[in-house]
Amino acid sequence: MERRLLALLLLSLFEIGSLPARAQEPEIIHLPQQPVQAPAPPRAPATRRTPVNVPEVLGELWFRRKSLLDKGDTAAAERQVALMRDIVRREGIFSADDLSGAFLADGNRALERGSVSRALQSFHLAKEFAPDRPGASFAVARALWSGERDFGGSLSYVFEGLRIVFKNPATRVGTLGNSLAILLAGSLLAAVLWCITAALRTARLAQHDLYEGRKRSLSNNAAQVIAWAIWLLPALLWLIGPWALVYWLAFAFVYMKRSERIVSVLACVVFLLSVPLLGWITRESKVTTDPAVRLLLESARGGIDPERVAALEQMAGSHPGEPVYRFLLAQGYHANGSIEAALQEYRQVQDEDRTNAAAWINSGNIFFATGQYAQAAEEYRRAIQADPKSALAYYNLHLALQGALHLEEADAAFRQARSLDNDLITSILSAGGGEDAKDPVDAHYSGKDLLKVVQRRDGSVASGMRAGDWLHPLPLAGALGLIACAVLAWGADGWGLGRAQRCAKCGRPFCRRCQVGMRREEGYCTACRHYYLLRDPVPPRAREERERLAASHSRWQWIARRLVSLILPGSGQIQGGRSFFGAALLWATCVSVAMLMLSGKLLAAPQIALLHSPLLTRGAPVVVIALSWLIGNTAAFETAERR
């Protein structure tokens, strides 16, 4: 008895002596006779999640918030938003698109009424409930610019919206597909017009060189016929379309200056790439518009409807070797309250793929929800073994260890999660409702991962360009055009091409063979050189004829440039030698015309209403066409040196 009292006295003295050091550790509780278990009661059983009509509940809360805001009760309206957040978090919904669209519509109406503050609040809520949809970011940019004239803030949200566009597979394919389709159609039209313009400009020059090369062995009339027959060879052989265009472009290439040759090469590149790029757009859009793929993408966003579970069951049964389908099916079971079925599907995924960390994380969440913290921690450790860089697994392990009162290990897991992905942990904590209401976070597949699975599964849907696309006549013509331009540029002098030039006064073609001993760079034919440069005495009749030819050439040249510029802005500058400037105006006009012609026929991107508004699809092209026409008809056709 005395020994027992002595031991109790020593134990009390020890505890009193260590009291100041333990004052900083209030979480340590002395429960020597109780089992190691969380002081709070265990969580509700797995059947606590009963299937509810989430869109209907969220819609009711949204209308209630709108009514409260109209009455001026902002505090009660904020409570409705808090309830929405709680429902979305509890149901595992990663993106509530319908709710986000409702907030977006409310913000647009508020902006039209002039209430910028309420519009911004609604737009930010739309961003919160659908973070992977870019429409809200563009709406915030519009509100900041139109309501507050905040150019910097507006521009930042525009860039944020573009970043979301390229991150989301559905919007990325739709937006890039539409943009590439418009650019391809406009560039192809501009390339065709450039080839025609170049052919008409140099037709007489090419015919002159062909004639000069054959008149030595043939009569003048026969040489003229043969020269025109060679130039018109594609039409005589019924080679229409791109073959005739690149044939004439190759002939014109040897008479062009450097800037014009660059544009010609770009035209051939457009012919070469148009069909393969269009095929790539078609295949990519086919993936994201396929109903089965869209079902997978929507299922990965969380909150799966009960009607989708049957479709996922069928897809999982038809693809036994692909664990992603069973993973999404398990998420569907869990979201609709079938906890045992969800755990069974996760186990099958883990058996098929032992490195699937997401399946171990979600199965651990199931055990965590039933209060089995030790088993949940073991599941999270298996996830860490599968993916040592998973910050989400470490964070959930931290929660499970806290529930099991292993506080030092929990703190170590939390620090490791922070070190791996601090931004993710911060976002989880900010959306988790505070320190007293922390739940583990489910892992899920991203849209990019799902598209990779679909493309790997279906060999007919490849993400790259097919070899058959390059065998289309248009890319073949582009490739042969590039080769022909290079060959003729290399051997033109030996074949008697590229020697002719047009007289600056009368416009007639001439070459060195026509005027031996004269300098070519003067740019005048023999008659005009003697009359305008050397000032040789000529008979009055010949003087009148030469002046009449020069005046007629100048007049018809001005009329032709003015007419083509009225029809096609930039064509007058191309005819006058301002090749880059004229080609840029022509290309802008052609792209705008293609946008008008394709309006309503493009790939659907319903998440971005701005990209389908009449202001962008019809108003912007009309403005660009008008500006191009105005610039093309008011700017000079020639450079100052040539004038």
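**Exercise 1. Helix H7 and its surroundings**

Which residue follows H7, and what is the sign of its phi? Determine also the span of helix H7 and the elements against which its buried residues pack.

*Solution.* The model is predicted, so local features need pLDDT of at least 70 and side-chain atom pairs count only at pLDDT 80 or more, while totals for chains, interfaces and linings use all residues. Residues are numbered from 1 along each chain as its sequence is written, and side-chain values use heavy atoms, with hydrogens and water left out.

Step 1. Arg 149 follows H7, and its phi is positive, near 55 degrees. Helices are DSSP runs (H or I, at least four residues), numbered from the N terminus.

Step 2. Helix H7 comprises 14 residues (135–148), which at 1.5 Å a residue should span 20 Å; the expected span is 1.5 Å times one less than the number of residues. The end C-alpha atoms of H7 are 19 Å apart, in agreement with that expectation.

Step 3. The buried residues of H7 include Phe 138, Val 140 and Leu 144, where buried means under 20% relative accessible area, exposed over 50%, and partly exposed in between (1.4 Å probe, protein chains only). The buried residues of H7 pack against helix H5 (97–113), helix H6 (116–129) and helix H8 (151–167); contact means heavy atoms within 4.5 Å.

**Exercise 2. Salt bridges**

Compare the settings of the pairs Glu 60 with Arg 64, Asp 106 with Arg 118, and Arg 201 with Glu 260.

*Solution.* Step 1. The structure holds 12 salt bridges, each defined by a side-chain nitrogen of Lys or Arg within 4 Å of a carboxyl oxygen of Asp or Glu.

Step 2. Glu 60 and Arg 64 meet at 3.0 Å, N to O. They are 4 residues apart in helix H3 (residues 54–71), and therefore separated by about one helical turn. Glu 60 is partly exposed at 47% relative accessibility, and Arg 64 is partly exposed at 37%.

Step 3. Asp 106 and Arg 118 meet at 3.3 Å, N to O. Asp 106 lies in helix H5 and Arg 118 in helix H6, so this pair ties together parts that are 12 residues apart in sequence. Both Asp 106 and Arg 118 are buried. A network of salt bridges links these two residues with Lys 66 and Asp 70.

Step 4. In the pair of Arg 201 and Glu 260, the closest N and O atoms are 2.9 Å apart. The pair links distant parts of the chain, 59 residues apart: Arg 201 is in helix H9 (residues 169–214) and Glu 260 in helix H13 (residues 258–289). Arg 201 is partly exposed at 22%, whereas Glu 260 is buried at 4%.

**Exercise 3. Nonpolar cores**

Identify the residues with the most contacts inside the largest nonpolar core, and the helices that supply it.

*Solution.* Step 1. A nonpolar core is a set of buried Ala, Val, Leu, Ile, Met, Phe, Trp, Tyr and Cys residues joined through side-chain atoms within 4.5 Å. The largest has 46 residues, and Phe 327, Phe 368 and Leu 397 have the most contacts inside it.

Step 2. Among the helices that each supply at least two residues of this core are helix H16 (323–335), helix H18 (357–369) and helix H20 (391–403).

Step 3. Another core lies apart from the largest one; it has 22 residues, among them Leu 193, Leu 245, Ala 252 and Met 256.

Step 4. Not counting residues up to four places away in sequence, Phe 327 touches residues including Tyr 346, Val 349, Asn 362 and His 444.
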